[in-house]
Amino acid sequence: MIQILTSKKRYLPHQKIIHLANLTNSYSPRLYSNNLETPRLKTFKHPSSYASILQSLRDLKPLQQLHSRIIVSGLANNIFLCNRLVNSYACCGALGVAECIFRRIPSKNVVSWTIMVSGFTRNGLYNEGVEVFREMIMNGFLPNEVTATSVLPVFAKLGLVQFGRLIHSFLIRLGFEINVFVGTSLVDMYMKCGLVSVAEQVFDAMPEKNVFSWNAMISGYSDNGLGEEGIVQFKRMQRNGIVADLVTMMSLTASCSRIEWRQLGRMIRSFIIRSGFDNCLLVKTALLEMYVKLKCIEDAYRVFNEEMPVKDVVTWTLMLSGFSDAGFGNKAMDIFDQMIKIDEISLDSVALLGMISSCSKSGAMQQGRRVHAFTIKVGFGDDIFVGSAIIDMYSNCGNLDSAKLYFEGLKERDVVCWNSMIAGLGMNGYSDDAVGLFFLMKRSGIEPNESTYISILCACTHAGMVNPGLLIFNQLIKERNIEPKLQHYSCIVDLLGRAGRLDEAYSIVNNMPLKPDAGVYGALLGACSIHRNIELGLKISQKLFELNPDDAGYYVLLSNMYAVSGDWEGVKKTRVSLRSKGLKKDPGISSIEIDGTIFTFMAGDKNHIQYPEICNFLMNLIAKIECEGYVPDLNSVFQDLTDDAERDVLYHHSEKLAIAFGLLRTKPGTTIRVMKNLRICNDCHNASKFISTSFERKLIIKDGNRFHIFQNGICSCKDYW
DNA sequence: ATAGGGTTAG
């Protein structure tokens, strides 16, 4: 309590009483009311006495009491007090009351309008804030410096760049742009709108700059992906003798995580220690985030575990998503379980979202179901952000029924919920339904966004629905409010390419208005590989090697293409150039969830505890399906080995290990769900068909972004090689 | 006035 009191700057004697009363209210109502009945407080006749008390009030109840006392004192029409009251109610979040008082002020001044604008904007009601601002202008009031600083950030939030520029020109005419506050707000607004060079112009023209202004620049650069510029600006700031504060530290670590510059990260860390910010929770959390983003998960965990005695919900959430990003789903779940046991940590939707998306990524359906139940228990059952994540989680686990059920039960749905459901239907093979839902969404008055088009085009691709896909793509091009992006072109090239219409796909690549990137060429190369068009494939891989020389995936595709056409010389050449560049093919990883724990397998991963047991089982399994007609496809092996060795590699692919483990550890008849990071190989695909018959199991294998559902020897995926 | 964790798509 002492700390809270001393942290406030100025205290008049009567303010102290009110403040103490607030703090003791919860456990000592008698003291509270006694203090309020102090005769000294009752006899105020001058507005200024109330005004100073109003400024320090942050809770609704004492505010209401003071308000009544103001009415009793006959000061309810004093504009000075009314403005203060509006402000105090807005600070307590009671915007209805605030607006009511505001509306009744007969002769509002600029301060009244400004307080109402910032009352809305500080509570996240941006549209209402802008509306009051507009009303103010219409009523002939000109904004002052404070109005400008309350309303400018809102233009950035709502993306009203043009409006912002208009107000900017107003401010110049009024001579306010030389004000540090106004200048900083303008810099921030332009940075948030992505107009970096305009922000730079404003900043350079500012006659006075303080640490806020510099911070706005540094964090702005970082947000716009220009971390290096941020570091340069920081050095300039130091040369100008401006002392860095905690916001500077946080913006610096953010810049660092974006440019993936580990060496600099270390320097910033020592700078933080030297500047005495090492014990600051916010700065420490920013440092943790830096390690998470730099994918230094051990460093991140060391900071989290050893150097942060005080943690809040953000710290925990960061560690959770750090583990999730690094592919440690079980560890993320451990963190979540620990976090929910701590009373002081109040769980919010962001923490829940992190955990749900972690389950989604690792395909942990049992964990996901548990977290889903938990979200309902803690009152986030109707949250649409959480809802979208849950739909995605169930879809990603191949449990479309649960996803649909959840989607249909939502009271409110935004565009992201619809997108999740459309994507879920698409990747699970219900492309017709996805298209149907897309049109239903438009009929329901929800405007599709960029992601909607990506989801729906992918859905069409999975089912080879070329014509509906083309139709929707043409709609997108005609639509005025969405600019087709490179990703959309990748989708349409993928759609045409996979369907075998390579010429049309190539023609789109050659005629598109944007410069094709690796994603677009990659889609085309994938199509060439499926349809064995080696001539075009060679041409495209040349482009890709120029664009993205370090991606081993393209070499693999090219090599596969040579292999299927029997060009062993080409296969060898590709492998040599891959090796000479020091590149390695991404390891294939498959995982399976058993009783709420995720088990991960890598090809030939002999370190696994149960490896001998699994291998033994797998050998018997292969012998069994060979009797039923399975023939190993040695073309699926990327290495140059003897037949026997190739066979050995093939039999220990990660997906086969995961399937074997699933068969060993689950009851007969249970569906086996396997997640794979890369595309399933032809041989594993074929073997899975045999396994589904031989063991009478349903196998659901997700590779990359699509499902393969094997049942009675048939796979749901029709266009597979 | 500037600042920390999250959802769909690839």
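Tutor: A residue is near a strand if one of its heavy atoms lies within 4 Å of it, and we shall read this predicted model with that cut-off in mind.

Student: How many residues surround DNA strand B, and which are the closest?

Tutor: DNA strand B is surrounded by 37 residues, and the closest are Asn215, Asp348, Leu353, Phe385 and Cys458. Sorted by class, the surface near the strand has 18 nonpolar, 13 polar and six charged residues.

Student: What share of the atoms of DNA strand B within 4 Å of the protein belongs to sugar or phosphate?

Tutor: Sugar or phosphate accounts for 43% of those atoms, while the rest belong to bases.

Student: Which part of DNA strand B does a polar side-chain atom of Asp188 lie 3.4 Å from, and which part for Thr285 at 3.3 Å?

Tutor: For Asp188 the partner is a phosphate oxygen of DNA strand B, at 3.4 Å, whereas for Thr285 a base nitrogen lies 3.3 Å from a polar side-chain atom. Asp312 also faces a base nitrogen of DNA strand B, with an N or O atom of its side chain 3.0 Å away.

Student: Turning to the sheet, in what order do the six strands lie?

Tutor: In general, strands of a sheet pair through backbone hydrogen bonds, either parallel or antiparallel. Here the six strands form an open sheet with mixed pairing, in the order E2-E1-E3-E4-E5-E6. Its edge strands, each pairing on one side only, are E2 (597-602) and E6 (714-715).

Student: In which sense do E1 and E2 pair?

Tutor: Strand E1, residues 589-594, pairs with E2 in the antiparallel sense over six bridges, and the bridge partner of Ile592 in E2 is Phe599.

Notes: Residues numbered from 1 in each chain as written. Chains lettered and ligands numbered in written order. Predicted model: local features only at pLDDT ≥ 70, side-chain atom pairs only at ≥ 80, totals over all residues. Heavy atoms only, no water. Polar contact = N/O pair within 3.5 Å; in protein donor to acceptor, adjacent residues only side chain to side chain. Nonpolar A, V, L, I, M, F, W, Y, C, P; charged D, E, K, R; others polar. Pairing = 2+ DSSP bridges. Helix = DSSP H or I, 4+ residues; strand = E, 2+ residues; numbered from the N terminus.
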